[in-house]
Amino acid sequence: MPRLGDIGPTLLAALALGVAIAAAPAPPSRAAWPTPDADALPAGPWKDAVLYGRALFSDTSTLIGPEVANASMRFAGNNLSCQTCHLKGGTQKFGLPLIGVYGLFPTYIPRENEVRTLEDRIEGCLERSMNGRPLPIDSREMKAMLAYLQFLSTDVPVGRVLEGRGAPTLPLLSRAANPERGATVFLERCAACHQMNGLGMRKGPAGSAAGYLFPPLWGPDSFNDGAGMHRLIVSASFIRANMPLGTTHAAPVLSVDDAWDVAAFMNSRPRPARSGLDRDYPDRSRKPADAPFPPFLDGFPLDQHRLGPFQPILDATVGRSSRRGQ
Ligand code: HEC
Ligand code: HEC
């Protein structure tokens, strides 16, 4: 942060020269990343809903996971939490945050080729990232989740995309990602937490609904093959900016090559299959280059959609949907 004393003379000099300050190129946005604090809300039904939504988000397995005692409350199909991927309760810049997302829905989603609501988007993560089933729209849980997401967007204007959404753009490789090389990166950088077998470490015994200390990266209790995290561009970008845990986008630990290769290794391991993926992206021209399942409009082989290189695919299709994980 420059002190006022540092910029004052420049400003004065510019004024003296008659330079139109307003016409100068805008500096990168210095807007502070919002840090909404739910605990500071005044007591009452709104706070109760926001806090229940936050609990559903951070302790998903305990409240609506596959091991909860009341079978009718089992909506998530694995023992992950929303914040396993949307880090720190959805507040981590470039950690797939949900700050500022409330006012961006309804929006056009290429995966279904239609305009979808925030409720639809939440169901999408429940069915794919959490390998589960949809929550009833009028349930107390869906309302609480929406209340929490709306709260996270306090003071963010409707329609404004914050810098920090998703994960930072990762430079593409000119080669295919290499899962064998990624296995070495995994052993060196990831296995200490996610375990050698990639299946993570639970907080309690199986069946306790307690969730994970370190989540699985593959296997039966992981996201399914229709999830955004199963797309290589999405997962490599997330991993480079956020893993090993504690990494931030401002100081990535992995090299660009290591991030691509370890993501390719992760996504080459077995995981639950989602049926009907051929019905995703019904407008095939909108199918992202890294959607790793057929059919494809372009002539590129399945392996290139799984591992890259992606630039030739992107170049071949004008109007291809963005790199976002929708
Ligand atoms: C210090 C422990 C630690 C290390 C090392 C680590 N992770 Fe993680 N990782 C976590 C935790 C914990 C989470 C869940 C975030 C949370 O609950 O706050 C996570 C989440 C993830 C997720 C998203 C959730 C999921 O289950 O898929 C991916 C992907 C991931 N890590 C990949 C990696 C990769 C690849 C490496 C190595 C480059 C790595 N992690 C290294 C602790 C770690
Ligand atoms: C295995 C990882 C994972 C888990 C678990 C997960 N998500 Fe997601 N979610 C993603 C990815 C990847 C995206 C796409 C991000 C992008 O487009 O950049 C996403 C996108 C979203 C979006 C849209 C964000 C935007 O910027 O448009 C919402 C809302 C959302 N998830 C809600 C949830 C909720 C609620 C849960 C828990 C019920 C959940 N997610 C669990 C990975 C996950």
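In this predicted model, helices H2 and H6 run roughly perpendicular to each other, because angles of 65 to 115 degrees fall into that class and the two helices pack at an angle of about 100 degrees. Helix H2 covers residues 45-58, and its axis lies 7 Å from that of H6. On the H2 side, the residues that take part are Ala49, Val50, Tyr52, Gly53, Arg54, Leu56 and Phe57, and they meet Glu141, Lys143, Ala144, Met145, Ala147, Tyr148 and Phe151 of H6. Sorted by class, this contact comprises 10 nonpolar residues, 3 charged residues and 1 polar residue.

One participant in this crossing deserves a closer look. Met145 sits in helix H6, which spans residues 140-152. Its surroundings are well filled in the sense of the count used here: 26 other C-beta atoms lie within 10 Å of Met145, so the residue is buried, the threshold being 20 or more. Leaving aside residues up to four places away in sequence, Met145 touches Gly53, Leu56, Phe57 and Ile122. Of these partners, Gly53, Leu56 and Phe57 also appear on the H2 side of the helix contact. A further link across the sequence involves Glu119: this residue and Met145 are 26 residues apart along the chain, while their C-alpha atoms are separated by 9.0 Å.

Attention now turns to the ligand. Ligand 1 is surrounded by 23 residues, and the closest are Cys190, Cys193, Pro215, Pro244 and Leu245. The shell around ligand 1 contains 18 nonpolar, 4 polar and 1 charged residues. Three helices each supply at least two residues of this shell, namely H8 (191-194), H9 (232-242) and H10 (256-266). Among the contributors, H8 gives the most, with 3 residues. The shell also draws on two domains: domain 1 (38-152) and domain 2 (167-272 + 300-326) both give residues to it, so ligand 1 lies between them.

For the protein as a whole, the model holds 12 helices and 4 strands. Of its 326 residues, 38% count as buried, and Met145 is one of the buried residues. Among contacts with a separation of 6 or more, 64% join residues 24 or more positions apart. The pair of Met145 and Gly53 offers a handy example of a contact for readers browsing the structure, with Gly53 lying in H2 and Met145 in H6.

Methods:
Residues are numbered from 1 along each chain as its sequence is written. Chains are lettered from A and ligands numbered from 1 in the order in which they are written. This is a predicted model: local features need pLDDT of at least 70, side-chain atom pairs count only at pLDDT 80 or more; totals for chains, interfaces and linings use all residues. A residue is near a molecule or strand if its C-beta atom, placed from the backbone, lies within 6 Å of it. Ala, Val, Leu, Ile, Met, Phe, Trp, Tyr, Cys and Pro count as nonpolar, Asp, Glu, Lys and Arg as charged, and the others, Gly among them, as polar. Domain bounds come from an automatic or database domain assignment. A residue is buried if 20 or more other C-beta atoms lie within 10 Å of its own, exposed if 12 or fewer, and partly exposed in between; C-beta atoms are placed from the backbone. Two residues are in contact if their C-beta atoms, placed from the backbone, lie within 7 Å. Axes are lines fitted to C-alpha atoms, for helices over the stretch in contact, and angles run from 0 to 180 degrees between N-to-C directions. Angles under 35 degrees count as roughly parallel, over 145 as roughly antiparallel, 65 to 115 as roughly perpendicular and the rest as oblique.
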